[in-house]
Amino acid sequence: MRRWLLKQNEDKIKSEKQKQPVVYSIVYALMAGWKELLIDVMKLTDETRGLNKDIDKLQSHLVEVDKRVVRLETLVEVSTYQVMQTKLTEDTK
């Protein structure tokens, strides 16, 4: 009976030892995956920051272009009005 118990205990210990490398390899694989994922997230964060800076530059440039377009529209309206006024004054003469 005692030998049988010892044998069962030894078998149990062997099976536990055999399971440990599998568990450790899974844990190491998961940790390596997390490390790669973290590195990718950091790279994407840097790229996003760079794109945000580019968007801010484009936005300020667009505002400047919009101001110029408004000025040009105003000049066109004023010149159109002046042309119409000169035609009216010439017609009345």
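## Salt bridges and a nonpolar patch

Me: Which side chains meet E64 or K67 in a salt bridge?
Reply: E64 and K67 pair with each other, at 3.9 Å from N to O. Keep in mind that this is a predicted model.

Me: How far apart are E64 and K67 along helix 1?
Reply: They are three residues apart in helix 1, so about one helical turn separates them.

Me: Are the two buried or partly exposed?
Reply: E64 has 35% relative accessibility, so it counts as partly exposed. K67 is partly exposed as well, with a relative accessible area of 41%. Buried would need a value under 20%.

Me: How many salt bridges are there in the whole structure?
Reply: A search of the whole structure gives two. Besides E64 with K67, the side chains of R49 and D46 form one, at 3.7 Å from N to O.

Me: Where do R49 and D46 lie?
Reply: Both are in helix 1, with a spacing of three residues, about one turn of the helix.

Me: And why does R49 count as exposed?
Reply: Because its relative accessibility is 52%, and the exposed class starts over 50%.

Me: Different topic. Which residues make the nonpolar surface patch?
Reply: L30, W34, L37 and V41 make it, and the patch covers about 450 Å².

Me: Where is L37 found?
Reply: L37 sits in helix 1, which runs over residues 2-92.

Me: Is L37 exposed or partly exposed?
Reply: Partly exposed, because its relative accessibility is 45%. Patch residues need over 30% relative accessible area.

Notes. Residues numbered from 1 in each chain as written. Predicted model: local features only at pLDDT ≥ 70, side-chain atom pairs only at ≥ 80, totals over all residues. Heavy atoms only, no water. Patch = residues over 30% accessible without salt bridge, like charges linked within 9 Å, V, L, I, M, F, W, Y side chains within 5 Å. Areas by Shrake-Rupley, 256 points an atom, 1.4 Å probe, with all protein chains shown as cover. Salt bridge = Lys/Arg side-chain N within 4 Å of Asp/Glu carboxyl O. Helix = DSSP H or I, 4+ residues; strand = E, 2+ residues; numbered from the N terminus. Buried < 20%, exposed > 50% of the residue type's maximum accessible area, 1.4 Å probe, protein only.
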